[in-house]
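Visitor: I have just opened this model and would like a walk through it. Could you take me around, one topic after another?

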Amino acid sequence: MSVQNIKVAFSSSLRVVGKGIWRDLVNIRRYKLRLIGWLLNMSIGLGAAYIFGFILNFNPITTTETGILSNQVFVFFAGGIALSTFSDTALWAPLGRVEQDIHYGTLEAVFVSPTSRIAYLLSPILSDSILNLLFFIPSYVIILGVHGSLTNFYIVGTTLLIVLLTIVSMIAFGLFFAMLAILIRRIQPIAIFLANIFQFICGAFVPVQAFIGMNQTGGTILKYFAQIFPYTYCYDLFRYFMFGSGYTTLFPVWIEFVLLAVSSLLFVVLAYFLLKRVEKKAKDTGLAIL
Amino acid sequence: MYALEAKGVKKTYKSRKKETEALKGLNLQVKEGEIFGILGPNGAGKTTFIKICSTLLGKTDGEVKVLGLDVVKEEKEIRKRIGYIGQDSERSTYARLTGKENLEFFAALYNMSKDDFAKQLEEFKKTYDNHEIFDKEVMRLSGGQKQAIVVMRGFLHNPDLVFADEISKGLDPIAAKKIRSFVKDYAKKKGKTIIMTSQIMSEIEELCDRVAIIFEGKVVAVDTPQNLMDDVNIQLLELRLRSTETATPEFLQEIATLDSVKEVKQENGYLRMPVSDSSQAFESVMEICRKYNINPVISYRTATLEDVFLKYCDKKVDLEA
């Protein structure tokens, strides 16, 4: 492939991604009920975090393992819930798009075109990230307000960096799930189960560091399992930059950045291999309407 | 050059429980600029064949060349130059986007420039008079209007060859006629090759230059619709009796004994009789009718494409016998 062809392919893919994002944003703008539902979901999440923070204290082991004080519990939960909005990006956005496109037959119309499959799959992930970012920002401002760091530019800058890294890592994870959706039809029930487990394991509600305090053997297994996912490091780093050096991370901070990159890359590689399988399956059996 | 060349194409669907042989060595050639029809009963392999040619499915064996390009080795190039209108594709749009927005999205998939898209949209508007389909959200359009958008999507990037799988399936006659006239006008004007399947015989007869009949995964006949119909030697006389008239056994017996009448069948108030010499049969039958004081409505027809279809695809019916 010549440099010129690569340039054309890249700009064409970029255009497909852009048009896909435009499609999804137009869709959501015209589907107002979904917008309201989203807003309600976010408000309920924050409310729940506030109630949790008010009535719960971490047990001594959790406090020792993480260094979080009991009066920071709201920020801990709210941060976890706010960041969890991006798990939709990983699990639901590409999965939903692929399932819908298979169901209505649109996937055939896409697959018969010369467009890049990856570009087509990237667009729902990115549009969902943009939408989630719109909903994340109010929660984020509230969290910063409660934490008293609205004007602390170091905390604002570093936590926003982690949010962006979360989105990037979710792209890899999202691609992986989109491929699974084509390979394993009716994956939705599995995805619902995985979404809940996934958030818990990665430390959205209970710090991964504290698993070991809940159960020695099970906690250790879960802890190692959590380390496969980029999301674990996103939660951990977000909290580190929010709470400062008083918060004990799973690994040294620089190693967490490396692990975040490596685990994201791992899912990109897995997604690539799954794409090959998807292409083969599509050729063997067709992309029939469900 | 042929727009499509298929030699010995085989396709077997494999699942854990069984293997299904959908195509069993299919051979076909379609010339450039032709509107080519593929007829066949359900499960004959029409859609499988169309999907193989449009790079959506892989073949098990054989050779397929689309616009001179190998369907396996040069699939990316083929995708740039073909259009595809799938079966049941009326729903395959983005419901909350307008017709124009839907086309705009797919134009991006084909890397069309804004100018080219605008020009193509104007072309569509010249050929399809109902312009509201472009500005309304697709979810607010009728089935026929949605299908029009899907058909336009197939022609959007100005492809050299369009595969159309049952484009008017499930549409009312008016909507189907609109789609047909769009395809006919647009394809003829632009000199496009179209390979289409349909279960509607009149559609194939109206649109197609040549027709192939596929039965059990093989092509069993290829020719122009007229030649195929001429080949089925049917001359049929039909009598519809008035409500006050009855076909007595004597009357039926007398008609059946005529030399020019091969057989008399009584179906839904009609008397249908394959004849060998239509004018002689007509005269003789009218004479018997006058004798029994019967004044029926008489019609005469030769073979239709439906008869051709039945000849090749329904082994139980032997129309010529």
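**A walk through the model**

Guide: A good place to begin is the surface of chain A, where Tyr31(A), Leu33(A), Ile36(A), Leu40(A) and Ile44(A) form a nonpolar patch with about 540 Å² of accessible area together. Patches are built from residues with over 30% relative accessible area and no salt bridge, joining like charges within 9 Å and nonpolar side chains (Val, Leu, Ile, Met, Phe, Trp, Tyr) within 5 Å. The areas come from the Shrake-Rupley method with a 1.4 Å probe, and for residues only the protein chains shown count as cover.

Visitor: Before we go on, what kind of model is this, and how are things numbered?

Guide: This is a predicted model, in which local features need pLDDT of at least 70 and side-chain atom pairs count only at pLDDT 80 or more, while totals for chains, interfaces and linings use all residues. Residues are numbered from 1 along each chain as its sequence is written, chains are lettered from A and ligands numbered from 1 in the order in which they are written, and side-chain values use heavy atoms, with hydrogens and water left out.

Visitor: Back to the patch, then: where is Tyr31(A) found?

Guide: Tyr31(A) sits in the loop between helix H1 (3-30) and helix H2 (32-55) of chain A. Helices (H or I, at least four residues) and strands (E, at least two) are DSSP runs, numbered from the N terminus. With a relative accessible area of 35%, Tyr31(A) is partly exposed, a class that lies between buried (under 20%) and exposed (over 50%), again with a 1.4 Å probe and protein chains only.

Visitor: And at what angle do the axes of H1(A) and H6(A) cross?

Guide: The axes of H1(A) and helix H6 (residues 117-147) of chain A cross at roughly 45° and come within 8 Å. Axes here are lines fitted to C-alpha atoms, for helices over the stretch in contact, and angles run from 0 to 180 degrees between N-to-C directions. H1(A) and H6(A) are therefore oblique to each other, since angles under 35 degrees count as roughly parallel, over 145 as roughly antiparallel, 65 to 115 as roughly perpendicular and the rest as oblique.

Visitor: Let's switch to chain B. How many helices and strands does chain B have?

Guide: Chain B has 12 helices and 14 strands, and its C-alpha trace spans about 75 × 45 × 40 Å along the principal axes. Of the 321 residues in chain B, 53% are buried.

Visitor: Which helices of chain B pack at an angle of about 125°?

Guide: Those are helix H4 (residues 114-127) and helix H7 (residues 173-190) of chain B, whose axes are 10 Å apart. H4(B) and H7(B) are therefore oblique to each other.

Visitor: Now charges: how many salt bridges are there over all chains?

Guide: The structure holds 24 salt bridges over all chains, each being a side-chain nitrogen of Lys or Arg within 4 Å of a carboxyl oxygen of Asp or Glu. One of them joins the side chains of Glu75(B) and Arg79(B), at 3.6 Å from N to O. Because they are 4 residues apart in helix H2 (residues 75-81) of chain B, Glu75(B) and Arg79(B) are separated by about one helical turn.

Visitor: Is Arg79(B) buried or exposed?

Guide: Arg79(B) counts as buried, at 5% relative accessibility.

Visitor: What about Lys311(B), which residue does Lys311(B) form a salt bridge with?

Guide: Lys311(B) pairs with Asp231(B), and the closest N and O atoms are 3.5 Å apart. Lys311(B) lies in helix H12 (residues 305-313) and Asp231(B) in helix H9 (residues 225-231) of chain B, so the pair ties together parts that are 80 residues apart in sequence. Lys311(B) is partly exposed at 29% relative accessible area, and Asp231(B) is partly exposed at 44%.

Visitor: One last topic, the backbone. Which sign does phi have at Glu166(B)?

Guide: Glu166(B) has a positive phi of about 50° although it is not a glycine. Most residues other than glycine have a negative phi. Glu166(B) is in the loop between strand E7 (161-165) and H7 of chain B, and is buried with a relative accessible area of 10%. Asn293(B), also not a glycine, has a positive phi of about 55°, but Asn293(B) is exposed, with a relative accessible area of 69%.
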